Amino acid sequence: MLFNKHMLKYYLKYSWLYILGIAALVAVDYVQTWIPDYLGEITDIIKEQPSDAASQMQRILIMIFVVAIVMFAGRMLWRFTLFNASGRVEGNLRHEMFLKSEKLSQKYYHENKVGSIMSWFTTDLETIEEYAGFGVVTIVDAFFLGTIVIVKMVQLDWALAIVAFIPMILIIIWGFLIEKFMSKLWLERQNNYDELYDFSQENFTGIRVIKAFVKETANLHAFAKIAKKNQMKNVSFARVSVIFDVLIELIIAAIAAMLLGFGGYAVYHSVIGQNMVLFGHEVTLGAGGLVAFIALFDSLIWPMIAMGQIVSMRSRAKASLKRVSQFLDAEEDIKNPVNAHVLENVSGKITFNHFSFSYPDAPVEVKSLEDVTFEINAGETIGIVGKIGCGKTTLVNSLLRLYNVEKGSILIDGHDIMECDITSLRNAIAYVPQDNFLFSDKIYNNIAFSDRKKDPVAIQNAAIFADVHDNIAAFKQGYDTVSGERGVTLSGGQKQRISIARAYIKESPIMIMDDSVSAVDVKTEETILKNIREKRKGKTTIVIASRVSTVSKLNRILVLNDGKVEAFDTPENLLKVSPTYQRMVYLQELEKEVEGGAN
Ligand SMILES: Nc1ncnc2c1ncn2[C@@H]1O[C@H](COP(=O)(O)OP(=O)(O)OP(=O)(O)O)[C@@H](O)[C@H]1O
């Protein structure tokens, strides 16, 4: 079996299914080996024709019938229990992996592509499931059936049995030697599979860009290259596996031929009274004994083939379990501290204290944020502006603790967020991300994402807040319209506003809008800002904007420049003290003039 800490707990959890299944399998194996004895007896009865032949035959036939019934019931039972157990082990592992996936930080998802993670969730888990079910059957069969048959063969004639066993021992040794090599081949194949998954996933996501740039053919060539590599890895694994299987079958056929030869020769010599000597031992096997011996060897064929299958199956499962375990053991770098402070009744005061931040994969000298210090009062609505890439998103991601605070500190209501319970922290913040991701679900469910129990009136109010209610009402299926991949394609502005509604409905003391009105017209933007002023009165709101006009009516605006705070002041004062703000205003005026001229 395949043991490591992740598997062991599920083997233990479903031990009753395994014990029942293995017991049924052993029972089937045991009674199955009675058949060769009966065949031997039948041969001797036919040959010697004793006076009670009819009653002996009747007894044997009844016993064969009983064996058939036990085998039928036993096979049903082990199939049901062992395959049930392996399915449950797989299901539990998948569940554990899903839980883990939710605990892993942004850093992990930067380092590992979605395609690779998907293949761990699919093909690797299937390989493990195969081994936890069929693999167990094969091992138990090979071990118990093999042992019982071997004992019986030795009892019949140990010298003849040795003839059969020597090649078998060679198969076992060879199997162990080849397993490591096959495991390496499988690992390579699976890693290549990741590449294939990653490529396909990116291709499907970026299909519009590919089409717009007429890159279908180039992409097809790139795909064919990766697919070919994958095919070669598959072929390499299959080649080794097939050679191994064929050689086992060849060895089996050779042993059968040898047994028939030696056995037939030995029976002939015992009939003429000159017993054959093998390994210094006189072979006294009669015709019935030989038939039983050959039939026993026949029962040994499956355990021997099974050994070959175990090697291949185990090597695959070991490689797959290694990948799954690496995922399950991945470090969770965003964790709750010991004695975490649970944020309650948050007023919304936010303090950044000499906070600096570099992305894990960025060169050490490149800081996305440097020595950032400012304070937002509880209930205040502020704007954040700055050039592209100046660190606006990084700032709010840090507040959400999507990354750890390593230099400086961030406080909410005076509590260091590194000491706060992460769930309570994130519950206190409603976030509208820049990419406006929506789930492939009804618009209704997307808005109610934070609380599925929200009533239709609350959903509608949130949509009115985001000025998207009229758009939704105009859809044929209204709030039941499915957004995302499988549903209608919403416009960028509609997606932005549905994301705003989703955040607003949380009624959190802090709301962050990351460039969330960039795709709406000026009138809609004004409506949303007016709604923020009215409906979020007394609650903290941060509006990140790429246009100065979005934030120019707010009381205070934070201006970032190359990751540093350039100024944090009223729009009037910023015009005097902040070169970045002055330039943004100047560019906006210029834009207006150009537009006016064009009209
Ligand atoms: N995951 C990441 N890994 C490494 N560097 C990153 C990562 N995300 C952002 N950066 C870098 O950090 C800096 C700040 O990025 P950020 O997204 O915070 O800027 P921004 O002001 O929000 O930009 P925009 O106006 O385009 O939204 C940029 O130089 C960017 O290249």
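**Getting to know the model**

Colleague: Leaving out residues up to four places away in sequence, which residues does Leu425 touch?
Modeller: Two residues are in contact if their C-beta atoms, placed from the backbone, lie within 7 Å. Going by that, the residues Leu425 touches are Leu343, Arg401, Ile412, Ile417 and Cys420.

Colleague: What pLDDT do local features need here?
Modeller: Residues are numbered from 1 along each chain as its sequence is written. This is a predicted model, where totals for chains, interfaces and linings use all residues, side-chain atom pairs count only at pLDDT 80 or more, and local features need pLDDT of at least 70.

Colleague: Is Leu425 buried or exposed?
Modeller: Leu425 sits in helix H12, residues 422–427; helices (H or I, at least four residues) and strands (E, at least two) are DSSP runs, numbered from the N terminus. Buried takes 20 or more other C-beta atoms within 10 Å of a residue's own, exposed 12 or fewer, and partly exposed falls in between. Leu425 has 24 such neighbours inside 10 Å, so it counts as buried.

Colleague: How far apart in space are Leu425 and Leu220?
Modeller: Along the sequence, 205 residues separate Leu425 and Leu220. In space, C-alpha to C-alpha, the gap is 46 Å.

Colleague: Where does UniProt place "domain: ABC transmembrane type-1"?
Modeller: UniProt positions use the numbering here, with shortened feature names, and annotations may be inferred rather than shown by experiment. Over that stretch the chain is 90% helix and 2% strand, with end C-alpha atoms 25 Å apart. The unreviewed entry puts the feature at residues 19–316.

Colleague: UniProt also lists residues 288–313 under "transmembrane region"; what percentage of that stretch is helix?
Modeller: Another listed stretch is 12–31, which is 95% helix and 0% strand, its end C-alpha atoms 28 Å apart. Residues 288–313 have end C-alpha atoms 38 Å apart and 0% strand, and their helix content is 100%.

Colleague: How is helix H3 oriented against helix H4?
Modeller: Axes are lines fitted to C-alpha atoms, for helices over the stretch in contact, and angles run from 0 to 180 degrees between N-to-C directions. H3 (residues 34–48) and H4 (residues 53–103) pack at about 165°, with their axes 11 Å apart. Under 35 degrees counts as roughly parallel, over 145 as roughly antiparallel, 65 to 115 as roughly perpendicular, and the rest as oblique. So H3 and H4 are roughly antiparallel.

Colleague: How many residues in the contact of H3 with H4 are nonpolar?
Modeller: The contact includes Trp34 and Ile35 of H3 and Ala53 and Gln56 of H4. Ala, Val, Leu, Ile, Met, Phe, Trp, Tyr, Cys and Pro count as nonpolar, Asp, Glu, Lys and Arg as charged, and the others, Gly among them, as polar. The split has 1 charged and 1 polar residue, and the number of nonpolar ones is 11.

Colleague: How far apart are the axes of H9 and H10?
Modeller: Helix H9 covers residues 216–271 and helix H10 residues 287–328. They pack at about 170°, which makes them roughly antiparallel. The distance between their axes is 10 Å.

Colleague: Which strand holds Asp371?
Modeller: Most residues other than glycine have a negative phi, but Asp371 has a positive one, near 50°. Asp371 is partly exposed, with 15 other C-beta atoms within 10 Å. The strand, residues 369–376, is S4.
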